[in-house]
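Open the model in a viewer and keep a selection box at hand. The stops below run from salt bridges to the ligand.

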Amino acid sequence: MKTISQHYIDGAFVDSHGREVMEIVNPTNGKVIARETLADEEDARLAIAAAKRAFATFGRTTKEERAKILRRLHEVVSASVDHLTDVMVEEYGGTVRFSRLIVEAGASVFLAAEKALQELPLSRSWGTTTVTWEPVGVAGLITPWNANSFFLSAKLASALAAGCTAVIKPSELSALQTQAWIECVHEAKLPKGLCNVVTGRGDVVGAELVRNPDVAKISFTGSVGVGKSIMRDGAATMKRVTLELGGKSPNILLDDVDLDEAIPRALGIAFLNSGQACAAGTRLLVPKSRLDAVKQAIVDAMPAFPVGDPTDPKTAVGPMVTEKQCERVQSYIRKGIEEGAEVLVGGEGHPKGLEAGHFVKPTVFVNVSNDMTIAREEIFGPVLCVIAYGTEQDAIRIANDTTFGLHAFVSGTNLPRARRVASQILAGRVAINGMLDDQQAPFGGFKHSGIGREFGTFGIEAFLEPRAILE
Ligand code: NAD
């Protein structure tokens with residue numbers, strides 16, 4: 001049995017001051033695999049003090065000094081892709097297919113941040129006025145459990161590029177993955193105090209970061225409810241906030257779409273990260289004229305999305321992270337049925353032979369209207385709602401009829417038309433014909449999906465403050 005009882009503060013692994021011990025369960029078989037001691041407020045305060053000391057020097061570094069650190073972090077994380085992938089599969093139940101991709105993305109994000117830093121002008125002047133962009137100070141980085149090492153790397157990369165020092169509060173459900181990630185960051189031999197990591201409960205360690213006056217900025221990825229509380233509680237110390245929250249992303253199939261391509265892609269987008277993805281396209285908007293063909297194409301494509309052992313490279317959908325999350329997804333499937341939606345594939349209950357783990361059946365609902373609970377709330381599991389529309393304008397209206405606005409997808413063979421539709425969607429990212437990524441493009445939400453943007457120059461700017469000097 002593994003035990004984790006240390007945090008990473010001031011460049012060293014130090015014993016936890018916390019007293020609460022939590023069991024880590026392998027979601028594939030329900031077995032306890034480790035015990036972690038959760039950090040408390042005192043651990044958080046020690047980490048904040050270390051970051052504050054380090055900021056006095058690091059906040060004044062040049063672009064080149066920061067770029068060197070980002071390159072070093074890229075090297076060490078890249079060298080650990082295999083190990084980080086294995087731990088993500090074991091502790092979180094991510095499929096090995098997805099886990100490797102996301103861990104690799106977490107390694108490349110350091111180089112993407114370096115590129116963005118080189119491109120970002122950090123000073124401008126005119127007449128006798130000079131404006132410089134200064135790091136805001138100590139950054140509190142609070143992350144969820146669904147792509148742990150990627151979020152740790154992405155947030156740290158932008159913060160360090162800007163010249164901020166960091167205290168990271170990862171999800172308490174990701175302690176093994178965090179431990180593996182810290183071990184590689186330690187290899188980078190960063191100056192002490194640049195990156196501190198305290199894993200504990202959100203309402204203990206997260207709350208301390210939010211209220212502590214020595215933390216200037218919170219960059220948070222997680223649920224809408226917690227995002228709102230961070231904004232509210234952070235106001236007392238005038239925190240700068242970036243909030244990356246939930247989504248209920250529409251995927252519009254235009255009537256000229258090629259279903260042979262679009263349906264497997266739509267299922268891949270819906271079941272991304274076993275459905276536990278903020279960007280998952282969970283509302284499939286389909287022209288009424290092609291509804292029957294879409295249903296048939298979904299049934300035909302489903303065998304390519306097997307649920308099961310996440311270590312098997314063929315598996316497309318793994319277990320849910322915890323029993324609680326599994327129950328939550330099951331309850332939404334029940335709710336969908338109660339509200340009159342029709343199960344096309346999947347449904348309630350565990351898939352056969354997978355009763356020991358936290359598995360749900362990948363489920364597609366048809367006859368869904370956009371006002372049903374399953375079409376409005378983020379389920380965070382492999383559940384897709386098919387919603388029929390009449391005209392193109394109807395599709396746009398339904399796509400935008402949501403409190404969220406994180407991501408959207410449009411598929412069609414007529415590209416100018418797909419672009420025209422995309423330009424009317426209220427979402428931070430709209431991908432045309434696929435699940436696409438660009439680590440220089442901003443990522444973040446309209447409406448309740450958040451505030452601010454991450455990645456590229458946009459992500460670095462979120463940790464900067466302009467200062468004008470007038471002579
Ligand atoms: P969560 O909001 O429960 O927790 C996220 C983090 O916040 C965790 O580290 C948690 O411990 C911490 N936290 C909890 N209460 C806190 C408090 N009072 N103060 C400070 N910190 C607190 O979310 P989760 O269940 O870990 O993750 C799933 C959610 O994350 C989903 O809603 C999903 O959409 C969202 N998410 C968003 C993005 C994005 O980029 N927009 C990406 C991934 C996940």
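Is Arg-100 buried, partly exposed or exposed? Select Arg-100: with a relative accessible area of 32%, this residue is partly exposed (buried is under 20%, exposed over 50%, partly exposed in between, with a 1.4 Å probe and protein chains only).

This is a predicted model, where local features need pLDDT of at least 70, side-chain atom pairs count only at pLDDT 80 or more, and totals for chains, interfaces and linings use all residues. Residues are numbered from 1 along each chain as its sequence is written, and side-chain values use heavy atoms, with hydrogens and water left out.

Next, add Asp-82, whose side chain meets that of Arg-100 in a salt bridge (2.4 Å, N to O); the term means a side-chain nitrogen of Lys or Arg within 4 Å of a carboxyl oxygen of Asp or Glu. Add Glu-104 as well: Glu-104 forms a salt bridge with Arg-100, with the closest N and O atoms 3.6 Å apart. Glu-104 is partly exposed, at 35% relative accessibility.

Move to Glu-392 and Arg-417, whose side chains form a salt bridge at 2.7 Å, N to O. Glu-392 is buried, at 17% relative accessible area, and Arg-417 is buried too, at 15%. Extend the selection to Asp-255, Asp-256 and Arg-420, which join Glu-392 and Arg-417 in a network of salt bridges.

Finish at the ligand. Select Lys-169, where a side-chain N or O atom is 2.6 Å from a ligand oxygen. Then show Leu-245: one of its backbone N or O atoms lies 2.6 Å from a ligand nitrogen.

Notes
A polar contact is a pair of N or O atoms within 3.5 Å; within protein, one must be able to donate a hydrogen and the other to accept it, and residues adjacent in sequence count only if both atoms are side-chain atoms.
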